[in-house]
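Student: Please give me a close look at one part of this structure. Keep it brisk.

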Amino acid sequence: MLILYFFVLHVLQSVRAQQLLQGSCRFEQGTCGYNSDPEYLKWVLDEEGHYITADSAFGGAGQKAVLIGPDLELLEWGCIRLVYQITGSGSLKMYVRPEGESFDYLLWSALDPSDSWLIASIDLRNTTNRYKIIFVASPGQKPEQSVAIFEILVVPGYCVECNFEEHHLCGYMNYWNPNVNWYVGGSTIRDGQSNLPFDHTMNNERGHYMYVDSVYAKHFQEVAQLTSPMTTTAISGCLSFYYQRDQAKGNVFSVFTRDRMGLYEEIWKPDIYAKFIWKLVKVDIKAPHPLAVVFEVAFNSAKGGYVAIDDISFSPEFCSAETEPFFDPSVANCDFEEDFCQYYQEQTEGSVWNRVSVKPNVYRVGDHTTGSGSFLLANTRLISKPGYVGRLYGPYLPGTLKYCLRFYYALHGFIKTDNTLAVYIYDENNVAQEKVWTVSESPMGSWIQVEVNYQKLMPTKVVFVSICKNFWDCGLVTLDDITVSLGDCRISADGFPCPPGECSFEVDNCGYTQDEKDDSNWIRKRGQTPTSYTGPKGDHTTGVGYYMYIEASPMISGHSARLLSNELRGFLHQQCLVFYYNMYGSGTGLLSIYLKKEGQRDEVLLWRRRGEQSISWLKGLVEYECDKNHQIVFEGVRGNSVRSDIAIDDILFQKGPCKGNHF
């Protein structure tokens, strides 16, 4: 169990002297510019306890309360130290609301109830744009459940930084062990017999640091861990700290990083025995995803001595000039719209993979990128041989790094899928090191997404291999939208699965609601629609996921179904709505997109398509401007027959004008 070794009410004098930035509040003399959104449950200031609370007793159970902060503009990196408590079931989320944008960006969330105050540390990236901090509390369904905020402290620097002089210890946590744990060292624990040091920050008895002692160790390799807050974004740079260590042969001291999946990577261990002096350590961190820093000490016996640390800091500049900056693996990305990018085939093996395009039609599936662009096709009918082995080679990528490979493939007309498509990792000598993926049973005619993690010590390249031994067994193998990124496919760079304004319908409806006044409803669906010769075979996101569609069978000609977005704030300049739609079926009706402005009865038509368009998912782009609160409405109208299913998927709102072609 994770235990926080501090008491919030035990406030040290030094915390008063720390530098606080705009947006900080202890709720001692008001709310410091934080105000309740009047459309939701009210936040109430407890003037005696000096905290602000959202309580289900003040409104209907299950309502949420929205607390809007003052305007902020942080030109340098900052960190929010949030002291909060959730009583009973409930949740607390923190967002950033950029000025002039429609969406809030989720930075942090908590669900765990507690009977005491908790500390959270949330990184704030530097930006030249003004924004507000938004707290959204959901107190829960039962009466007398609440969410309270005791302190909001905005301090300069990174959340992993700490000198341990503050009462909340910067959110660092000790992983509880019955025998060995990290404690606060300093004036409160020193006595005449103690061999523990003064702290490094102040170099006197008043200062504080963290230490772990072996005196109560009972077993071999008893481990104590001190863990920093998890960063809310990817960071890279120089981590520095001071440490002091006694009895080097009796303990093992290491520093790790830990990602959201719980995977550890050792980044440092001592090569010098620093006894009774504070030793400075600098180590470079390069991580494409959020992480926590873990200080770990393992003791061999009760005579293993102690380890102390102090003054942890971080700089975005690397410690060593020899440390190479992040490698950008996007050199291996390709949507094949213009050419093969950096992918190639050996001349001695022939050109099995061909770049082709299919215009929108009702017979053949187009590419995955737009539905009307280009993709790669491996097909024995395009070569003179009865069978083939087709290899598509990617560019070399540096070794030691962990890569996430994503791509889409589709199969058409295969009798046997063995060896239809596989992915290999080749070394610098063009020798296959490992087969990392091969096709299994797969729906025919749909673009299927594949995600593969791999890591090798040497430089490598990805090779796509398609084998056809017999003309009569072979069909079409297609490949599109290859991307390579750093890190694990399961971890996004910002720590959260979906950007604001994006919806793939994989989990739910993302807040989209039905219009109660229309004739029918949009349905969240997986797989093919019930009626033959209409609707998609699968979704656009992965090929096996969810999308929204109107089922024409229970409707009559001219009936409509309307799907409304959440209420969006007005914005400055232009905004681009990106989405994918499928209008396949001889009786297909009408798909329209409207702009519904707050306080106005009439809606503005932004985009419309009528009749059958293609068997493929097609990409739609809509530019619009709106400085008022508004909603986007997707309206599907049933055509003259049951073959009139209409589907939408992968909705995304982006700042600025639309880029690329659209249909």
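Student: In which sense do strand 37 (residues 590-597) and strand 40 (residues 630-637) pair, and over how many bridges?

Tutor: They pair in the antiparallel sense, over eight bridges. This is a predicted model: local features need pLDDT of at least 70, side-chain atom pairs count only at pLDDT 80 or more, and totals for chains, interfaces and linings use all residues. Residues are numbered from 1 along each chain as its sequence is written, and side-chain values use heavy atoms, with hydrogens and water left out.

Strands here are DSSP runs of E, at least two residues, numbered from the N terminus. Two of them pair if DSSP finds at least two bridges between them. In strand 40, Val637 is the bridge partner of Leu590. Now widen the view. Strands 37 and 40 belong to an open sheet of five strands, in the order 32-35-40-37-38, with antiparallel pairing. Strand 32 (513-514) and strand 38 (604-610) are the edges, each pairing on one side only.

Next, the interior. The largest nonpolar core (buried Ala, Val, Leu, Ile, Met, Phe, Trp, Tyr and Cys residues joined through side-chain atoms within 4.5 Å) has 35 residues. Buried means under 20% relative accessible area, exposed over 50%, partly exposed in between (1.4 Å probe, protein chains only). Among those with the most contacts inside this core are Phe164, Trp182 and Phe295. Strands that each supply at least two of its residues include strand 14 (208-213), strand 16 (236-245) and strand 20 (292-299). Apart from it lies another core, of 34 residues, including Tyr343 and Phe407. In soluble globular proteins, nonpolar side chains tend to be buried together.

Finally, two backbone oddities. Most residues other than glycine have a negative phi. Cys170 is not a glycine, yet its phi is positive, about 60 degrees. Cys170 sits in the loop between strand 11 (146-156) and strand 12 (173-175). Cys170 counts as buried because its relative accessible area is 2%. Asn430, also not a glycine, has a positive phi of about 65 degrees. Asn430 lies in the loop between strand 26 (422-426) and strand 27 (432-438). Asn430 counts as partly exposed because its relative accessible area is 31%.

Notes
Helix = DSSP H or I, 4+ residues; strand = E, 2+ residues; numbered from the N terminus.
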